[in-house]
Amino acid sequence: MNIPESTETDVADSGDTVADGEQSGDLPGAAGTSPVGRLAATVERLRREVRTAQVEADGRALIELAKGILVERLGCGPAQAARQLAELAEQAKVPQLQLAVEIINQAAHDRLSEVTNTFLSVTAERTPDDDAPAVRLRAAESGALAADDTQAVADSLLQHALTPLGAVSVAIWAAGADGSLSLAGSAGFSAAEARRWRYVPPGVATMARRALSERTTQWADSLASTGLPSIGHADHPDGGRVAVPAGSGGRIHGVLEIAWPSVLEPQPPQVVRQVEALAELCSHTLETHSLPGECHDVRGTSDVSELIDLVDGLHDPALVLVPHLDDQGRLADFRIRHVNGRFLDPAGRPRGTVHGALLLEAYPLVAGESGLFQCIERVYATGEPFRARRMDLTALVDQVPLSAVADINVSRHGGTVLLIWRIEDETARLASLLQHAQRLGRIGGFEENLLTGETIWNETLFDLYGRSPSGAPVPLEELAAHAHPDDAVTIGRFLRTVLHHRRPATAAFRLQRPDGVTRHIRMVAEPVLDADDRLFVVRGAYQDISAQYWTEVALAVTRDQLAHTEQQAHERNRLTLQLQHAIMPPTHAPLRAPGLDVAVRYRPAETEHLVGGDWYDAVVLPSGLVLLCVGDVAGHGIEAATSMVVLRNALRGLAVTGAGPGQLLSWLNIVAHHLTGGVTATAVCGIYDPRRRVLRWARAGHLPPVLVRDADANPLPLLKGILLGAVPEATFEEDEVQLAVHDTLLMYTDGLIERRDRSVEVSLRQLLNAARTTSRTLDHQLDRLLTYSRSDTDDDTCIVGIQVQ
């Protein structure tokens with residue numbers, strides 16, 4: 001009874017209760033009396049009947065096969081063989097089906113017999129039912145042999161052999177000659193999944209593909225652990241998988257893949273051998289399976305006459321190989337079916353002697369380190385062609401060293417393997433290398449016979465001269481006519497050395513071509529003497545060194561320019577340092593003011609080319625007040641130094657007016673913006689009143705001063721003030737600080753604390769920690785701050801220290 005899959009599933013789901021009730025005695029209820037419930041119960045009953053009929057049919061086939069064996073061995077009729085089978089089963093107290101399987105195993109002596117006998121030997125007591133492993137395997141074999149396509153084989157394997165092992169689905173893949181996989185049959189997977197996986201292109205990594213390429217059984221406790229996709233991976237990603245190459249006689253026809261619903265534990269050897277036997281059973285079906293667009297030979301070996309005709313027309317040596325199997329049907333060697341006319345036996349044997357011989361017997365070295373025999377095995381097994389360049393071929397070549405190198409091509413054609421190789425011609429290869437070297441090096445060779453007057457040039461030399469290869473070469477005597485007139489003396493000396501003194505010589509000259517292009521040429525020549533010590537041939541070479549010449553010229557010019565630039569930079573830095581040191585010498589005498597001790601330290605940058613714009617000033621004004629300031633002009637070099645001089649002198653002049661520090665910075669901002677070419681700078685300006693011990697101060701984008709009192713050090717409040725020169729007009733906030741005796745005020749530039757690997761806040765905290773350490777004198781304290789400064793920006797550093805007496 002054929003019911004569409006979707007309808008059958010819906011009916012079965014809606015009638016589960018009814019079906020169960022029917023099995024337990026047709027329980028009454030609405031579900032049991034509904035039309036859908038009765039239909040579901042009928043479907044389930046028909047399914048059981050079909051399965052039972054299939055099992056009985058397979059069992060009858062095995063019993064009939066065992067009867068046939070008894071007929072052949074006992075020489076009796078079918079009826080007597082049936083009675084004999086019944087009597088033997090009764091005496092052994094086993095079912096007739098199990099006894100029939102044992103009779104078949106004894107008569108078959110095949111791989112399936114070995115597996116089933118293993119099951120029987122490890123079973124202490126025979127299983128008196130039809131579900132014994134041996135019976136299941138033979139039933140699966142019977143169903144596979146009776147099936148008319150690979151899909152029916154997959155159904156039979158899953159029903160008879162794999163479901164008792166806990167497997168839920170099976171896929172049979174057919175291998176293509178290009179390494180692709182086609183789904184020949186499947187069971188347990190949905191129809192949609194089978195359609196999605198009907199074809200796997202070559203090179204796509206799957207579980208089955210790995211088994212095919214490695215030619216070994218692949219076991220995985222779960223599909224997810226392999227990291228490989230495969231059919232049904234969405235349904236059971238954590239289920240166990242096994243992929244077994246399905247082949248016989250050394251040739252792999254496909255892959256048998258089996259899926260379990262959960263994690264698969266390591267299987268006993270009996271189950272492993274059972275799975276491998278099932279794969280071998282699939283190989284017989286796949287052997288007759290035709291892929292789309294492929295014409296398959298049922299016998300596994302194709303007619304090689306056309307292939308032999310093709311091989312005979314090749315210009316390279318070639319062998320046509322056919323597999324040679326041992327007594328147990330395993331691939332043992334390859335027989336040489338044909339050799340073409342290009343083949344030369346290294347031992348000097350006629351081709352007729354080699355024809356028909358086994359490959360390993362005729363050429364045992366192919367199984368050596370080169371791995372050629374293993375490559376042939378792999379090609380025959382998988383159908384994937386093998387190609388290799390410069391492979392060591394030691395046994396199939398003649399008139400070359402044993403370590404000959406060849407390009408190899410191995411391919412399978414039906415049941416035969418074609419081996420083609422091409423020996424590298426070392427002479428041609430070296431000539432090609434020489435030709436490329438001459439082309440890349442712009443080298444042209446010549447040979448001139450002085451007796452006959454014949455001159456030979458190669459193609460490159462014609463190109464150097466700008467002449468057509470069909471034209472006549474230029475003899476040595478006419479060389480000066482094609483060179484620059486200023487090089488005539490050089491060429492004459494060169495020709496006298498070669499032709500008169502008969503010694504090798506070299507010369508460099510300028511070649512003037514017909515197209516007006518001048519080439520710089522280096523020429524090398526040597527004389528060749530005959531047996532009577534007479535000069536008869538001169539050979540040599542021209543090399544175009546124009547690129548090298550112009551490179552040397554450009555390099556010389558660049559060196560001159562670099563030397564001039566370095567001299568200018570050195571002079572510029574020297575003048576800048578002189579200007580800077582004239583204004584702010586590194587050593588400065590301490591400033592004496594009433595009730596105040598002022599010390600100044602200035603440390604220039606460590607590298608001369610980083611001359612900066614740091615400046616400081618400490619001067620007693622006519623009013624008795626003291627001007628204290630530090631600043632930093634942006635940039636380096638002479639521009640920064642001159643801008644620093646302008647701002648420093650401007651502030652001194654403006655301070656005489658008696659204005660406060662905020663007003664002074666406002667005026668100084670106008671100077672920076674309008675009168676110095678738009679420079680920017682930071683500054684701190686203070687006016688100290690010695691009578692009141694009060695400091696009025698303001699800042700323009702600069703770090704605030706640090707007040708050291710007793711054993712504590714803290715920065716003054718951060719007043720508002722933009723850096724100088726940023727805007728045309730700006731106002732700056734002022735503040736007053738009441739100082740006490742022994743207080744120390746530190747004004748500095750960022751070169752004292754600035755680091756590339758940390759923030760200014762962190763560097764400032766380190767400065768405060770260093771400033772808290774008491775020192776004997778103010779000079780000692782400033783020297784100590786410079787010594788232990790952790791700055792790493794190679795910038796100038798200024799420190800002004802003020803200590804109240």
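A salt bridge here is a side-chain nitrogen of Lys or Arg within 4 Å of a carboxyl oxygen of Asp or Glu. The exercises below use a predicted model.

**Exercise 1.** Find which side chains meet that of Arg601 in a salt bridge, and state what each pair ties together.

*Solution.*
1. The side chains of Arg601 and Asp783 meet at 2.6 Å, N to O, which is within the 4 Å cut-off.
2. Arg601 belongs to strand β18 and Asp783 to helix α25, so this pair ties together parts 182 residues apart in sequence.
3. Arg601 also forms a salt bridge with Asp779, at 3.3 Å, N to O.
4. Asp779 lies in helix α25 (residues 778–787) and Arg601 in strand β18 (residues 596–603), so the parts joined are 178 residues apart in sequence.

**Exercise 2.** Classify Arg601, Asp779 and Asp783 as buried, partly exposed or exposed.

*Solution.*
1. Buried requires under 20% relative accessible area, and exposed requires over 50%.
2. Arg601 has 15%, so Arg601 is buried.
3. Asp779, at 31%, counts as partly exposed.
4. Asp783, at 35%, counts as partly exposed.

**Exercise 3.** Describe the salt bridge between Asp617 and Arg648 by distance, location and burial.

*Solution.*
1. The closest N and O atoms of Asp617 and Arg648 are 3.5 Å apart.
2. Asp617 is in strand β19 (residues 613–620) and Arg648 in helix α22 (residues 638–655), so the pair ties together parts 31 residues apart in sequence.
3. Both Asp617 and Arg648 are buried.

**Exercise 4.** Give the strand order of the open sheet with 6 strands, and explain why β3 and β4 each have one side without a neighbour.

*Solution.*
1. The order is β3-β2-β1-β6-β5-β4, with antiparallel pairing.
2. β3 (199–200) and β4 (218–220) are at the edges with a single partner strand each, so one side of each lacks a neighbour in the sheet.
3. Helix α13 (residues 269–286) packs on the sheet, touching β1, β2, β4, β5 and β6. The direction of α13 makes about 50° with that of β5.
4. Strand β2 (residues 181–187) is joined to β3 by 2 bridges, and Leu181 stands opposite Val200 in β3.

**Exercise 5.** Locate Ser186, decide whether Ser186 is buried or exposed, and list its contacts beyond four places in sequence.

*Solution.*
1. Ser186 lies in strand β2.
2. Its relative accessible area is 10%, so Ser186 is buried.
3. Outside its neighbours within four places in sequence, Ser186 contacts Gln151, Ala154, Asp155, Val170, Ala171 and Ala194.

Technical notes:
Residues numbered from 1 in each chain as written. Predicted model: local features only at pLDDT ≥ 70, side-chain atom pairs only at ≥ 80, totals over all residues. Heavy atoms only, no water. Pairing = 2+ DSSP bridges. Contact = heavy atoms within 4.5 Å. Axes fitted to C-alpha atoms, helices over the stretch in contact; angles between N-to-C directions. Buried < 20%, exposed > 50% of the residue type's maximum accessible area, 1.4 Å probe, protein only.
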